[in-house]
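Here are my notes on the structure you sent, set out as numbered points. They begin with the sheet, go on to the ligand, and then take up the salt bridges and a few single residues.

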Amino acid sequence: MKKPIETERLILREFLLSDAASMFELDSNPNVHVFVGKKPVTSIEQSIASIKNIQQQYKDFQTGRWAVVLKETNEFLGWSGIKFVNYKINNHQNFYELGYRFIERHWGKGYSTEAAKAFVQYAFNEMKVESLYAYADEGNEISRNILEKLGFRNRNSFEYEDEMQVWYELKNPNL
Ligand SMILES: CC(C)(COP(=O)(O)OP(=O)(O)OC[C@H]1O[C@@H](n2cnc3c(N)ncnc32)[C@H](O)[C@@H]1OP(=O)(O)O)[C@@H](O)C(=O)NCCC(=O)NCCS
């Protein structure tokens, strides 16, 4: 297992199967899924399968989404992290992508921004990634705002699963 990352309020760590109930709370909420495919999960087995899938990505690509927990209480808040995308999206393939998703009752406290910032630093300084990419539904203003605050540049728009998405890139300033 990779060493967890600590920020001011958060611990970022690899997923454990024991996160399944929290993952189910996250992904069974339709409000969470408005801009990410509109397919909330309906059973805990789906959450277990998605954790197993993420753990397989750790093995295959040495990276994937990590759990974000509150330092003070150890409570699971959501996930963020760097996924290696080995399939084609918007004419890109084999790239590193930043993402995040949080349980609704924890929105609006800056957790997503705090976690995403730490993962950008980790990708650039530890993983030596040349360029980080991200994409968000055109209407997902909160997510787009986070990316733009972090310095991501809006590159173009594309259609993905019938929704218009905005494609972002942030280059590693150290390379
Ligand atoms: C997008 C998401 C991860 C944001 O998480 P978060 O922890 O609430 O984000 P932050 O608290 O860091 O807030 C980021 C900004 O959005 C603002 N914001 C957060 N929630 C808001 C709301 N409901 N209404 C208006 N503004 C809001 C914050 O004030 C902050 O703005 P600021 O930087 O100007 O202060 C969260 O809403 C989520 O999980 N959504 C569903 C999944 C999703 O869409 N993921 C992204 C896919 S691209």
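1. Please keep in mind throughout that this is a predicted model, and that every distance, angle and area quoted below is computed from that predicted model.

2. The sheet is a good place to begin. Eight strands form an open sheet, and reading across it gives the order β1-β2-β3-β4-β5-β6-β8-β7, with mixed pairing. The edge strands are β1 and β7, each of which pairs on one side only. As a general reminder, strands of a sheet pair through backbone hydrogen bonds, and the sense may be parallel or antiparallel.

3. One pairing within this sheet can be followed in detail. Strand β4, which covers residues 76-85, pairs with β5 in the antiparallel sense, and eight bridges join the two. In this pairing Ser80 stands opposite Tyr100, a residue of β5.

4. Turning to the ligand, 20 residues surround it, and the closest are Phe102, Gly108, Gly110, Thr113 and Lys149. By class, this shell is made up of 10 nonpolar, seven polar and three charged residues.

5. Which backbone atoms lie close to oxygen atoms of the ligand, and at what distances? A polar backbone atom of Gly108 is 2.6 Å from a ligand oxygen, a backbone N or O atom of Lys109 lies 3.3 Å from an oxygen of the ligand, and for Gly110 the corresponding distance from a backbone N or O atom to a ligand oxygen is 2.5 Å. On its own the ligand has 930 Å² of accessible area, of which the protein covers 69%.

6. The elements that give two or more residues to the shell around the ligand are β5 (95-102), α3 (111-125), β6 (131-137) and α4 (141-149). Of these, α4 gives the most, with five residues. Strands β5 and β6 thus appear both in this list and in the strand order of the sheet.

7. A search of the whole structure finds nine salt bridges, and I would look at the one between Arg9 and Glu114, whose side chains meet at 2.7 Å, N to O. Arg9 lies in the loop between β1 (5-6) and β2 (10-14), whereas Glu114 belongs to helix α3, so the pair ties together parts that are 105 residues apart in sequence. Arg9 counts as partly exposed because its relative accessibility is 28%, while Glu114, at 13%, counts as buried.

8. The side chains of Lys38 and Glu163 meet in another salt bridge, at 3.0 Å from N to O. This pair also links distant parts of the chain, since Lys38 sits in the loop between α1 (20-27) and α2 (44-61) and Glu163 in strand β8 (residues 163-171), 125 residues apart. Glu163 has a relative accessibility of 30% and therefore counts as partly exposed.

9. Arg155 forms a salt bridge with Glu169, and here the closest N and O atoms are 3.0 Å apart. Arg155 is in strand β7 (residues 153-160) and Glu169 in strand β8, with their positions 14 residues apart in sequence. What does the relative accessible area say about each partner, buried or exposed? Arg155 is partly exposed at 42%, but Glu169 counts as buried at 11%. Apart from this pair, Glu25, Glu75 and Arg105 are linked in a network of salt bridges.

10. Two backbone angles deserve a check. Most residues other than glycine have a negative phi. Lys38, however, has a positive phi of about 55° although it is not a glycine, and its place is in the loop between α1 and α2. Asn74 likewise has a positive phi, near 70°, and lies in the loop between β3 (65-70) and β4. Asn74 is exposed, because its relative accessible area is 59% and the cut-off for exposed is over 50%.

11. A last point concerns Tyr160, which has its place in strand β7 and is partly exposed, with a relative accessible area of 26%. Between Tyr160 and Ala115 there are 26 Å in space, C-alpha to C-alpha, and the two residues are 45 apart in sequence.

How values were computed. Residues numbered from 1 in each chain as written. Predicted model: local features only at pLDDT ≥ 70, side-chain atom pairs only at ≥ 80, totals over all residues. Heavy atoms only, no water. Near = heavy atom within 4 Å. Polar contact = N/O pair within 3.5 Å; in protein donor to acceptor, adjacent residues only side chain to side chain. Areas by Shrake-Rupley, 256 points an atom, 1.4 Å probe, with all protein chains shown as cover. Helix = DSSP H or I, 4+ residues; strand = E, 2+ residues; numbered from the N terminus. Nonpolar A, V, L, I, M, F, W, Y, C, P; charged D, E, K, R; others polar. Salt bridge = Lys/Arg side-chain N within 4 Å of Asp/Glu carboxyl O. Buried < 20%, exposed > 50% of the residue type's maximum accessible area, 1.4 Å probe, protein only. Pairing = 2+ DSSP bridges.
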